[in-house]
Amino acid sequence: MDDIMSLCKRRGFIYQASEIYGGINGFWDYGPLGTMLKRNLREAWWQDVVMMPCWGRKGPDGEPVTNLPLDTCIIQNPKVWEASGHVAGFNDPMVDDKETKQRFRADHLFGLFVCISGDYAKDGLIRLVAFMTKVPPVRTVVASSSHEALELALADRKAMKPYKLGAVLDRITGGDESSTIIEVEDKDGAKGFGLFVPVYAGKWGTEYLRSNPQLIPSPFSGKSGSLTEPRAFNLMFKTFIGATAGADDIAYLRPETAQGIFVNFKNVVDTNRVKVPFGIAQTGKAFRNEVTPRNFTYRSREFEQMEIEFFCHESQAMDWYAFWRDWRMEWWKSIGLGGENIILREHAADELAHYSKATSDIEYRFPFTAPGFGELEGIAYRGNFDLTQHQKHSGAKLEYNDTTRGELAANGQPKGERYLPHVIEPSAGLDRGVLALLCEAYTKDASRASPEFMKFHPRIAPIKAAVFPLVNKDGMPEVAEKLHADLMKKFGRTGLIETDPKQSIGKRYARMDEAGCPFCFTIDGETLTNQTVTVRDRDTGGQERIALNTVVSFVSEKLGM
Ligand code: GAP
């Protein structure tokens, strides 16, 4: 991750916000390449969700999918957040180290620490040393068990994700050299080797800490007894409206874009010729005063979301849920997050919110979560919880009159049915998406002139193509300029088109590789005689010659436009 972060800084993808003042924790700015990458990702989502929903695919009702666009305010009436439950319940469990004054989230505390003792090779015993993060070596032996018993012990910890156990066992038995193996000592002083694997313990971690605050060593100092009990900390940023700045003037920066959609549901229905099932989509900033912002942009205090609230009749909700879950997964794959780094994880029944019948997460294996995964997007079946709450708190009638349903009247037509539609919510993080694309694209190859390069999918690559005159004379710059202008005309709206007459051609290619530009076209001596150019493929470094007048159609085909 350090390598990726330093490339991001060096090439202008992402900078620390307010860097010249020492930065500000949890806030990030995007440089020119990062801004283009983020814009391309947002634009790809917008095109495929709003302009041509689900690539023109039909929904489970056999009809084309409809999603309407919306753009709502960051600051809403504070009653919105009372109704949605954010004022009372959008809390994280915060724990302080009384001595070091450092702070962390109780539900992030726990990790799985497995000790492969010297005996392991002989009797297959694995010692489960402790559920602790950050203070290796941990010295308390909690259990010692066989594979099966370990599996059972972990299955019992409800919030733990079972696939992670698989990864743990794979790594132990596969003897993966890259594992974080450290020397540990058990309480009898016996030495062994330990494997530290971060496991998100969720609510279970918080409860464990609450009932055993004296037992858990501080992740910062390693000392027991210095941690406070977990306390609820509301994540919403507060501000004041107007000049008096009194208690009555408090407002909140939105912690999600979703509620702006719910409170406008009736407006959209009343002012558009739209029928349920349909969706409303918006992208925009959200703010959360995260207790421990970390892992680059993964957990930021200011970030952007891309959310859809899809409204349907309860009887069709599970079909729509499956449709959205599967299509969203396909979508992330279509822009380059393929392979084993992306998974779909269906939530277990005891992980679901009280109003949700099903939820799944699309998760990506970030370098800092590996071998585990981190959430990229959640697809939640939210019942009609949100509309019910807003109807109750606002007093406005939000029911939808569905004229296609209900008993048949004497004239053979349905009488209609009034209901609060059920909702499927595919909610994605734009900044997390960008981070996943950066991690996926980052490739090392010591044999190349650019030992690090970015294998972006052409659709989201910040620079789409580059045009280089081999030398800055003999008529080559003029041809390059003309080709550059032609490419700009056609693709300038989708990404940058670079041209650069200076430096050796190898250095120019290397710069483009680091920026993730998929195609470089070079004008050389042959171009002047036979009107062909070389096109260099970023991933293979291979070159071929194509006719100068086919360059635009070549790029067009590769970009699928
Ligand atoms: N309306 C539902 C909702 O907001 P969420 O799981 O809290 O659900 C949706 O957020 C997505 O927003 C997450 O999957 C993640 O990609 C992104 N996200 C949430 N908190 C974030 C943070 N602190 N920093 C960056 N992205 C975040």
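**Stop 1: the ligand**

Select the ligand and the 18 residues around it; a residue counts as near if one of its heavy atoms lies within 4 Å of the molecule. E256, R288, E290, E307 and E375 come nearest. This is a predicted model, where local features need pLDDT of at least 70, side-chain atom pairs count only at pLDDT 80 or more, and totals for chains, interfaces and linings use all residues. Residues are numbered from 1 along each chain as its sequence is written, and side-chain values use heavy atoms, with hydrogens and water left out.

Now look for polar contacts, meaning pairs of N or O atoms within 3.5 Å. Show the side chain of E307: an N or O atom there is 2.6 Å from a nitrogen atom of the ligand. Go to E290. A polar side-chain atom of E290 lies 2.8 Å from a ligand nitrogen atom. For Y298, switch on the backbone: one of its polar backbone atoms is 3.2 Å from a nitrogen atom of the ligand.

**Stop 2: helix 2 against helix 13**

Select residues 32-51 for helix 2 and 430-441 for helix 13. Helices are DSSP runs (H or I, at least four residues) and strands likewise (E, at least two), numbered from the N terminus. The two helices pack at about 115°, with axes 10 Å apart. Axes are lines fitted to C-alpha atoms, for helices over the stretch in contact, and angles run from 0 to 180 degrees between N-to-C directions. Helix 2 and helix 13 are therefore roughly perpendicular (angles of 65 to 115 degrees; under 35 is roughly parallel, over 145 roughly antiparallel, the rest oblique).

The crossing is right-handed: the near helix is turned clockwise from the far one by less than a right angle. Show L37, K38, L41 and R42 of helix 2, then L430, D431, G433, V434, L437 and L438 of helix 13; these make the contact (heavy atoms within 4.5 Å). The contact residues divide into 6 nonpolar, 1 polar and 3 charged. Here Ala, Val, Leu, Ile, Met, Phe, Trp, Tyr, Cys and Pro count as nonpolar, Asp, Glu, Lys and Arg as charged, and the others, Gly among them, as polar.

**Stop 3: helix 2 against helix 11**

Keep helix 2 and add helix 11, residues 317-334. Their angle is about 140° and their axes are 12 Å apart. That makes helix 2 oblique to helix 11. This crossing is right-handed. Select L41, A44, W45, D48 and V49 on helix 2, and W327, R328, W331 and W332 on helix 11, to see the contact. Its residues comprise 7 nonpolar, no polar and 2 charged.

**Stop 4: helix 14 against helix 17**

Move to residues 476-491 (helix 14) and 551-559 (helix 17). They pack at about 35°, axes 10 Å apart, in a right-handed crossing. L483, D486, L487, K490 and F491 of helix 14 meet V551, V552, V555, S556 and L559 of helix 17. Count 7 nonpolar, 1 polar and 2 charged residues in this contact.

**Stop 5: two backbone details**

Zoom to V276 and P277. A cis peptide bond joins them, with omega about 5°. P277 sits in the loop between helix 10 (265-271) and strand 14 (278-287).

Finish at S18. Its phi is positive, about 55°, although S18 is not a glycine. S18 lies in the loop between strand 1 (14-16) and strand 2 (28-30).

Technical notes: A polar contact is a pair of N or O atoms within 3.5 Å; within protein, one must be able to donate a hydrogen and the other to accept it, and residues adjacent in sequence count only if both atoms are side-chain atoms.
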